[in-house]
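This report examines how two protein chains and two DNA strands are arranged with respect to one another. Please consult the sequence and the structure shown below while reading.

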There are 2 protein chains.
Amino acid sequence: MSKQSIGPLTPVAMDDCRVPLVNEPLNADQAERLAPSFKALGDPIRLRLLSLIASHEGGEACVCDLTDAFDVSAPTISHHLKVLRAIGLVTSERRGTWIYYRAEPAALDLLSTLLSVPQEVGV
Amino acid sequence: MSKQSIGPLTPVAMDDCRVPLVNEPLNADQAERLAPSFKALGDPIRLRLLSLIASHEGGEACVCDLTDAFDVSAPTISHHLKVLRAIGLVTSERRGTWIYYRAEPAALDLLSTLLSVPQEVGV
DNA sequence: GATCTGCTTAGATGTCAGTCAAAATAAACG
DNA sequence: CGTTTATTTTGACTGACATCTAAGCAGATC
């Protein structure tokens with residue numbers, strides 16, 4: 001596999017991907033940029049982490065809230081959070097002792113749109 | 001990582017996952033069932049394959065149509081198609097000499113819904 | 001400033017995934 | 001029935017990834 005340095009899933013860098021993939025074929029470049037995001041969601045722990053963060057009250061969650069929910073070590077959770085952060089699905093902010101993670105709705109929305117299946121009104 | 005035998009992403013087996021992950025936290029079981037689908041989308045070639053198939057005229061594409069679009073060998077394409085088929089994102093049917101692949105809209109829709117971000121009307 | 005707690009980084013290890021060449025299967029066709 | 005074409009399976013190789021322990025760093029508190 002080629003070295004794919006995963007860039008952040010920012011709206012600007014992805015504007016040409018805001019089309020359902022059932023509508024027109026993705027080109028190689030678009031696929032290379034999008035795949036890392038799905039790969040990041042392809043781990044059960046990361047999927048739950050994202051869901052826990054996004055659904056947490058206040059829209060954010062402290063790492064300490066997250067670590068307890070899993071059977072793996074704290075460094076492993078930290079690693080998974082780093083992956084989610086690297087592609088822009090979450091952001092983090094330190095406030096005093098704790099670090100808070102927050103989901104990035106625009107990134108989620110982009111991926112959701114990409115997978116969406118438009119209603120074929122006339123068919 | 002635990003052995004995760006990827007089962008097909010059938011609507012029935014996934015009915016409890018039809019909720020945006022930002023709404024409520026996924027439990028471990030749901031995450032284990034959903035993650036393989038995103039993992040399957042986490043490869044650029046598979047992402048393009050799915051898009052090529054879904055956007056192809058008639059809603060289906062012959063393997064020969066697909067193989068030419070990539071720089072990898074035919075067995076590699078076959079392998080990726082098998083992954084997409086195993087989780088139920090596509091189906092295949094042989095007609096004469098050729099095998100045709102077709103996208104499974106229900107599976108795509110499920111994943112799209114999961115990633116969707118509901119409008120917070122009141123906030 | 002010593003120490004405690006929260007979190008991340010570094011390094012090591014075992015497993016998994018993507019790729020290819022070669023062989024196998026399957027249908028069509030002479 | 002032998003050959004050709006289309007696709008898959010097998011087996012091997014290589015690189016990537018999830019996980020852990022141990023160590024590092026950053027605030028807070030005494």
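## Relation of the two protein chains

Through which surface do the copies meet? In this predicted model, 100% of the interface residues of chain A are also interface residues in chain B, so the copies meet through the same surface.

Two copies of a chain are, in general, related by a rotation about an axis and a shift along it. Here, chain A is superposed on chain B by a rotation of 180° with 0.0 Å of shift along its axis, and the RMSD is 0.0 Å. That is the relation of a two-fold axis.

## Helix packing in chain B

Helix α2 of chain B spans residues 44-55, and helix α4 of chain B spans residues 74-86. The two helices pack at an angle of about 75°, and their axes are 10 Å apart. Angles of 65 to 115 degrees count as roughly perpendicular, and α2(B) and α4(B) are therefore roughly perpendicular to each other.

On the α2(B) side, the contact is formed by B:I45, B:R46, B:L49, B:L50 and B:I53. These residues meet B:I77, B:H80, B:L81, B:V83 and B:L84 of α4(B). By class, the residues of this contact comprise eight nonpolar, one polar and one charged. Two of the residues in the helix contact, B:R46 and B:H80, recur in the surroundings of DNA strand C.

## Surroundings of DNA strand C

There are 25 residues around DNA strand C, of which A:Y101, B:R46, B:S73, B:T76 and B:H80 come nearest. Of the atoms of DNA strand C that come within 4 Å of the protein, 80% belong to sugar and phosphate. The surface near this strand has eleven nonpolar, eight polar and six charged residues.

Polar side-chain atoms of both chains approach phosphate oxygens of DNA strand C. In chain A, such an atom of A:S78 lies 2.9 Å from a phosphate oxygen of the strand. In chain B, the corresponding distance is 2.7 Å for B:T76, and an N or O atom in the side chain of B:H80 is 2.4 Å from a phosphate oxygen. The elements that give two or more residues to this surface are α3 (63-67), α4 (74-86) and β3 (98-103) of chain A, together with α2 and α4 of chain B.

## Surroundings of DNA strand D

Which residues come nearest to DNA strand D? Of the 26 residues around this strand, they are A:R46, A:S73, A:T76, A:H80 and B:Y101. Sugar and phosphate make up 81% of the strand atoms that come within 4 Å of the protein. The surface near DNA strand D has twelve nonpolar, eight polar and six charged residues.

A polar side-chain atom of A:K39 lies 3.4 Å from a phosphate oxygen of DNA strand D. For A:T76, an N or O atom in the side chain is 2.7 Å from a phosphate oxygen, and for A:H80 a polar side-chain atom lies 2.4 Å from one. Two or more residues each are given to this surface by α2 (44-55) and α4 of chain A, and by α3 (63-67), α4 and β3 (98-103) of chain B.

Terms used. Residues numbered from 1 in each chain as written. Chains lettered and ligands numbered in written order. Predicted model: local features only at pLDDT ≥ 70, side-chain atom pairs only at ≥ 80, totals over all residues. Heavy atoms only, no water. Axes fitted to C-alpha atoms, helices over the stretch in contact; angles between N-to-C directions. Helix = DSSP H or I, 4+ residues; strand = E, 2+ residues; numbered from the N terminus. Parallel < 35°, antiparallel > 145°, perpendicular 65-115°, else oblique. Contact = heavy atoms within 4.5 Å. Nonpolar A, V, L, I, M, F, W, Y, C, P; charged D, E, K, R; others polar. Near = heavy atom within 4 Å. Polar contact = N/O pair within 3.5 Å; in protein donor to acceptor, adjacent residues only side chain to side chain. Least-squares fit on C-alpha atoms with pLDDT ≥ 70 in both.
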